Amino acid sequence: MDFRGRDLISIADLSKGAIYEVLEKAREMIPIARGEELDERLKGRVLATLFFEPSTRTRLSFESATHRLGGRVLSFGAPEVTSITKGETLADTVRMVEAYSDIIVLRHPQEGAARLAAEFSRKPVINAGDGAGQHPTQTLLDLFTIWDDKGVVEGVKVVLLGDLKYGRTVHSLAYALALLGAELTFVAPPTLQMPREIVDLVMDLGAEPGQVEDPAKAVKDADVLYATRIQKERFPDPQEYLKVAGSYRVDLALLRDGKKDLAVMHPLPRVNEIAPEVDRTPHALYFKQAFNGVPVRMALLSLILEA
Ligand code: CP
């Protein structure tokens, strides 16, 4: 696929072949991401980060990826210090920022904001998370982490655990895992189960996802346990959040019944979903997963921006 100049709004914008192209390129980027090799392929290029919601990993890994490839980064500190507070629209903000940069990375609380930004920008737009919608670069780094750890994605048994209703990362990831032939099980409290449209989407791709409430049942023959945070900020009613807060936790007792090489992943930030004691076990893949955001985003920027 020719990525040059393209937007990335949804993981569904990419075919299976295009996803593997990004993963292969990301593997080549690892020594540069670690600072072991120098590379200046983005010299003279400017990336703008527009984050209307908090972020640690996505924003900093995009910035690190750009710096590691010799490019520069523009960003506003917080939306409160921009002219948005004077009533400027997202469309006008994007029109301005495209004039100052070569590519825009946008995180926004409203689903559909990245698609709208892409309509108004002549420069490529990458969706860094839009409300409960999509987070395609997180999906790419999740796929890379599974592929790197297990050697394949096809046939890998993946359990998605937690807030499957509001967690945008699991929506994109379920779709992509089904596309790449992984086996899926969804584990969530009844009120936080995977939305019907995502279940239908993965079934259209040939997956037959299991749906259970008890994590212990699902973990037994899983290869990957992907836990997510309950997205407190997206609950319309705080009382509903309190009913499910703390309803699941990955700890040593849960992992005891799992495979020796069960990989525990999490997009982070975590709150209480993974006990700190898990960090010291070989199951813990989440910090490596977070690092993988750098080579994966380097791969993407390189494919989109290189002449
Ligand atoms: N995984 C993720 O999107 O983390 P941040 O919210 O810190 O960017």
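Visitor: Helices here are DSSP runs (H or I) of at least four residues, numbered from the N terminus. Which one supplies the largest share of the lining of the largest cavity?

Guide: H11, with three residues. Keep in mind that this is a predicted model.

Visitor: Which helices each supply at least two residues there?

Guide: H2 (57-68), H5 (136-150) and H11 (286-305).

Visitor: And which residues line the largest cavity?

Guide: Arg57, Ser61, Gln138, Leu141, His266, Pro267, Gln289, Ala290 and Arg297. By class, that lining has four polar, three nonpolar and two charged residues.

Visitor: What's the volume of the largest cavity?

Guide: About 60 Å³.

Visitor: How many cavities of 30 Å³ or more are there?

Guide: Two. The second largest has a volume of about 40 Å³.

Visitor: What lines the second largest cavity?

Guide: Met1, Phe3, Arg6, Asp7, Leu8, Leu14, Leu300 and Ile304. Six residues of that lining are nonpolar, two are charged and none is polar.

Visitor: Now pockets. How much space lies in the largest pocket?

Guide: About 400 Å³. It is lined by 21 residues, and Arg107, Arg168, Arg229, Leu268 and Pro269 are the closest to its centre.

Visitor: How does the lining of the largest pocket split by class?

Guide: Ten polar, seven charged and four nonpolar. H2 and H6 (168-179) each supply at least two of the lining residues.

Visitor: Switching to the core. Which residues touch the most other members of the largest nonpolar core?

Guide: Ile19, Leu140, Val158, Leu160, Leu177, Phe186 and Met194. That core has 66 residues. There is also a second, separate core of 25 residues, which includes Tyr166, Ala227, Leu254 and Tyr286.

Visitor: Back to Leu140. What does Leu140 touch, not counting residues up to four places away in sequence?

Guide: Leu8, Ile11, Leu14, Ile19, Val22, Leu23, Val296 and Leu300. Among them, Leu8, Leu14 and Leu300 also line the second largest cavity.

Visitor: Next, Gln134. Where does Gln134 lie?

Guide: In the loop between strand S4 (125-130) and H5.

Visitor: Is Gln134 buried or exposed?

Guide: Buried, because its relative accessibility is 18%, and the cut-off for buried is under 20%.

Visitor: Which side chains have a polar contact with the Gln134 side chain?

Guide: Ser10 is one, at 3.5 Å. Ser172 is another, at 3.2 Å.

Visitor: And what else does Gln134 touch, not counting residues up to four places away in sequence?

Guide: Besides Ser10 and Ser172, Gln134 touches Ile9, Ile11, Asn127, Gly129 and Arg168. Arg168 is also one of the residues closest to the centre of the largest pocket.

Visitor: Last one, Val153. Where is the place of Val153?

Guide: In the loop between H5 and strand S5 (157-161).

Visitor: Why does Val153 count as buried?

Guide: Because its relative accessibility is 1%, and buried means under 20%.

Visitor: Which residues is Val153 in contact with, leaving aside neighbours within four places in sequence?

Guide: Tyr20, Leu143, Trp147, Leu177, Leu180, Gly181 and Ala182. Ala182 is 29 residues from Val153 along the chain, and their C-alpha atoms are separated by 5.8 Å. Leu177 came up earlier too: it is among the residues that touch the most other members of the largest nonpolar core.

Note on methods: Residues numbered from 1 in each chain as written. Predicted model: local features only at pLDDT ≥ 70, side-chain atom pairs only at ≥ 80, totals over all residues. Heavy atoms only, no water. Core = buried A, V, L, I, M, F, W, Y, C linked by side-chain atoms within 4.5 Å. Buried < 20%, exposed > 50% of the residue type's maximum accessible area, 1.4 Å probe, protein only. Contact = heavy atoms within 4.5 Å. 1 Å grid on protein atoms, 1.4 Å probe; cavity = no way out; pocket = protein on both sides within 12 Å on 5 of 7 lines; lining within 4 Å. Points joined across faces, edges and corners; volume = space filled by probe spheres on them. Nonpolar A, V, L, I, M, F, W, Y, C, P; charged D, E, K, R; others polar. Polar contact = N/O pair within 3.5 Å; in protein donor to acceptor, adjacent residues only side chain to side chain.
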